[in-house]
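This briefing introduces the structure of one protein chain to a first-year reader. Please consult the sequence and the model shown below while reading the points that follow.

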Amino acid sequence: LDTSDLFYDGNSQGGITGGMNTAIAPDFRRAVLGVPGMNYGGMLLQRSSDFPPFAIFLYGQAPGGGYSDDSLHPLILTLTSQLWDRGEANGYAHHMTSKPLPGTPKHTVLMHVAYGDFQVSHYAAAVEARTIGARAYQPALDLPARQQDVNLFHGVPAIGKFPFKGSAIVVWDS
């Protein structure tokens, strides 16, 4: 067991918060983010199967609860998201790979995305990939039934050749 290097491998919640963890980590240079994404409050929270019990209170569906006017819900989530930005990739992605924070190294990130995940949108992962300067394994989806998503990683350049040493995003279509 070689303990001379440290790496990060986080999945699901660990892939989402792993972006922040990677950006601030002084002791590792390589990370794997499984089922990652960013913009927790705006794109991920309402998709979570864990959100409904909190929504009951936030949206005023329980005694003493919050805001029953549906038109306020996006505003509430946006304002709350400003707090989450400090604990997830949204607030740190631009420091992960190319502009490290003081005392931290540049990191290389491998993003494993689950195509069609009902809780963590692959579009949130694509935004993160563009932000960190990752390259995409292409074709992202090679099954004929999935060809409607040929621009899944719009703005994310393809990996030119292998072996590849930079940050990358790859889709798993299970």
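Tyr67, Leu72, Leu75 and Leu79 together make a nonpolar surface patch of about 350 Å². The model is a predicted one. Leu72, one of the members of the patch, is found in the loop between α4 (52-58) and α5 (73-84). Leu72 counts as partly exposed because its relative accessibility is 31%, and partly exposed denotes a value between 20% and 50%.

**The chain as a whole**

- The secondary structure of the protein chain comes to seven helices and five strands.
- Read from the N terminus on, the order of these elements is β-α-α-β-α-α-α-α-β-α-β-β.
- Along the principal axes, the C-alpha atoms fill a box of roughly 55 × 45 × 30 Å.
- The protein chain has 174 residues, of which 39% are buried.
- The chain exposes about 10100 Å², and carbon and sulfur atoms supply 56% of this area.
- Among contacts with a separation of 6 or more, 63% join residues that are 24 or more positions apart.

**The nonpolar cores**

- In soluble globular proteins, nonpolar side chains tend to be buried together.
- The largest nonpolar core holds 29 residues, and the members that touch the most others are Met96, Met111, Ile132, Leu152, Phe153, Ile169 and Val171.
- At least two residues of this core come from each of α2, β2, α6, β3, α7 and β5.
- Helix α7 supplies the largest share of this core, namely four residues.
- A second, separate core has ten residues, including Tyr40, Leu45, Phe51 and Val120.
- Leaving out residues up to four places away in sequence, Leu152 touches Tyr115, His122, Tyr123, Ala126, Ala140, Leu141 and Val171.

**Helix α7**

- Helix α7 spans residues 122-132, and its buried residues are His122, Ala124, Ala125, Ala126, Glu128, Ala129 and Ile132.
- These buried residues pack against the helices α2 (18-24), α3 (40-44) and α6 (93-96), and also against the strands β2 (30-34), β3 (108-114) and β5 (168-172).
- Ser121 caps the N-terminal end of α7, with a side-chain oxygen 3.0 Å from the backbone nitrogen of Tyr123.
- Just after α7, Gly133 takes a positive phi of about 80 degrees.

**Two buried polar residues in loops**

- His107 has its place in the loop between α6 and β3.
- Why does His107 count as buried? Its relative accessible area is 3%, and a residue is called buried because this value is under 20%.
- The side chain of His107 reaches two backbone oxygens: that of Thr22 at 3.1 Å and that of Ala25 at 3.0 Å.
- Beyond its neighbours within four places in sequence, His107 is in contact with Thr22, Ala23, Ala25, Phe28, Arg29, Met96, Thr97 and Ser167.
- Ser167, one of these contacts of His107, is found in the loop between β4 (135-136) and β5.
- With a relative accessible area of 9%, Ser167 is buried.
- Which backbone atom does the side chain of Ser167 reach? The partner is the backbone nitrogen of Val109, at 2.9 Å.
- Apart from its neighbours within four places in sequence, Ser167 is in contact with Thr97, His107, Thr108, Val109, Ile132, Ala134 and Arg135.
- Ile132 thus appears among the contacts of Ser167 and among the buried residues of α7.

How values were computed: Residues are numbered from 1 along each chain as its sequence is written. This is a predicted model: local features need pLDDT of at least 70, side-chain atom pairs count only at pLDDT 80 or more; totals for chains, interfaces and linings use all residues. Side-chain values use heavy atoms; hydrogens and water are left out. Buried means under 20% relative accessible area, exposed over 50%, partly exposed in between (1.4 Å probe, protein chains only). Contact means heavy atoms within 4.5 Å. A polar contact is a pair of N or O atoms within 3.5 Å; within protein, one must be able to donate a hydrogen and the other to accept it, and residues adjacent in sequence count only if both atoms are side-chain atoms. A nonpolar core is a set of buried Ala, Val, Leu, Ile, Met, Phe, Trp, Tyr and Cys residues joined through side-chain atoms within 4.5 Å. Patches are made of residues with over 30% relative accessible area and no salt bridge: like charges are joined within 9 Å, nonpolar side chains (Val, Leu, Ile, Met, Phe, Trp, Tyr) within 5 Å. Accessible areas come from the Shrake-Rupley method with a 1.4 Å probe; for residues, only the protein chains shown count as cover. A salt bridge is a side-chain nitrogen of Lys or Arg within 4 Å of a carboxyl oxygen of Asp or Glu.
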